[in-house]
Amino acid sequence: MTSTTDPELTPSSGHDDDVAGGEAPAHHDLTPPKVRPWWLHPKALIGAGIAIVVLAVLWRFGGGDVRFSTDSRPAPGSTFDWSYFWALVPDMLRGLAVTVQATLAGFALAAVLGLVLAIARRSTIKVISWPVAGFIEFVRSTPLLIQLFFLYYVLPGWGFTMEALVTLILGLGIHYATYASEAYRAGIDSVPKGQWEATTALNLGPITTWSSVIIPQAIPNVLPALGNNLIAAFKDAPLGASIQVTGILAFATAAAGRSFDAGVEPYTLIGIGFLMVSIPSAFAVRRLEKRLAYERTN
């Protein structure tokens, strides 16, 4: 038969010796241990510090008015001139900084705008959900290059003029917001129905329901898709060369244009530049996925 005595008032067998020795029984602290959130751990703080330094460097050396200063040319008749290759590295880094700057800013816009589009598309008000669904399908069904041409060359005719870098950021942000909205929609749909019913039973408002219950559960499920969108946006960012953004592709085009046989070194360099950013980005996304999965299971 099971005893109904309060366990806090009855010493367990492990403390019988203490009671016999005249000492007071140990108090059982049932308070759960405090767990620091992941963003307060030293590794997270170091990562945030590195991210701030990278953003500061991009802010300092990025921008739409980068000028390539190298005037070197490959040795005549050479298939691959290493001295010419190394002379191009500073200009490649300047172009890469502009491309990364446009990618990060465009993806930040896409991440926020995509969530807004996903929530608006789930609206029960048809006046909101139908135009949003049409906008998403239209943007996803047209090439990013055409959208950049429209923003940079057509809008000025209607009185809207933007700088080339701002146009690229806006184009990337809108284009990938539509893809991010689909990822968010899938993540929101993966939240169990019982969570929605619980918020209704607790009489939570729409803002509290989304910010405290639904979105925190949906975001970890969409991180792989968002990470893929970030890498895809980085690979599409060189399209900015078509609207005069002096990114990494503009660097290679300018270098190759100085000589008819100078294309191998600069285009090899931009391939290396892409790998320098894509591989750490993919690694960082995988680490974040594991971290969030750990937080959810502990």
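How many residues apart are Arg-185 and Glu-182 in helix H7? Three, and that spacing amounts to about one helical turn. Keep in mind as we go that this is a predicted model. The side chains of these two residues form a salt bridge, with 2.9 Å from N to O. Arg-185 is partly exposed, at 33% relative accessibility, whereas Glu-182 is buried, with a relative accessible area of 15%.

Glu-182 has another partner too. Its side chain also meets that of Arg-140 in a salt bridge, here at 3.9 Å from N to O; that still counts because the cut-off is within 4 Å. Glu-182 sits in helix H7 (residues 164-189) and Arg-140 in helix H5 (residues 126-140), so this pair ties together parts that are 42 residues apart in sequence. Arg-140 comes out as partly exposed, with a relative accessible area of 31%.

Now over to helix H4, which covers residues 89-121. Here Arg-94 and Asp-91 are joined by a salt bridge between their side chains, at 2.5 Å from N to O. The two are three residues apart in that helix, or about one turn. Asp-91 is buried, with just 1% relative accessible area, while Arg-94 is partly exposed at 31%.

How many salt bridges are there by this rule? The count is seven. Back at the pair we started with, Arg-185 and Glu-182, there's a wider picture: salt bridges with shared partners link Arg-121, Arg-122, Glu-137, Arg-140, Glu-182, Arg-185 and Asp-189 into one network.

Notes. Residues are numbered from 1 along each chain as its sequence is written. This is a predicted model: local features need pLDDT of at least 70, side-chain atom pairs count only at pLDDT 80 or more; totals for chains, interfaces and linings use all residues. Side-chain values use heavy atoms; hydrogens and water are left out. Helices (H or I, at least four residues) and strands (E, at least two) are DSSP runs, numbered from the N terminus. Buried means under 20% relative accessible area, exposed over 50%, partly exposed in between (1.4 Å probe, protein chains only).
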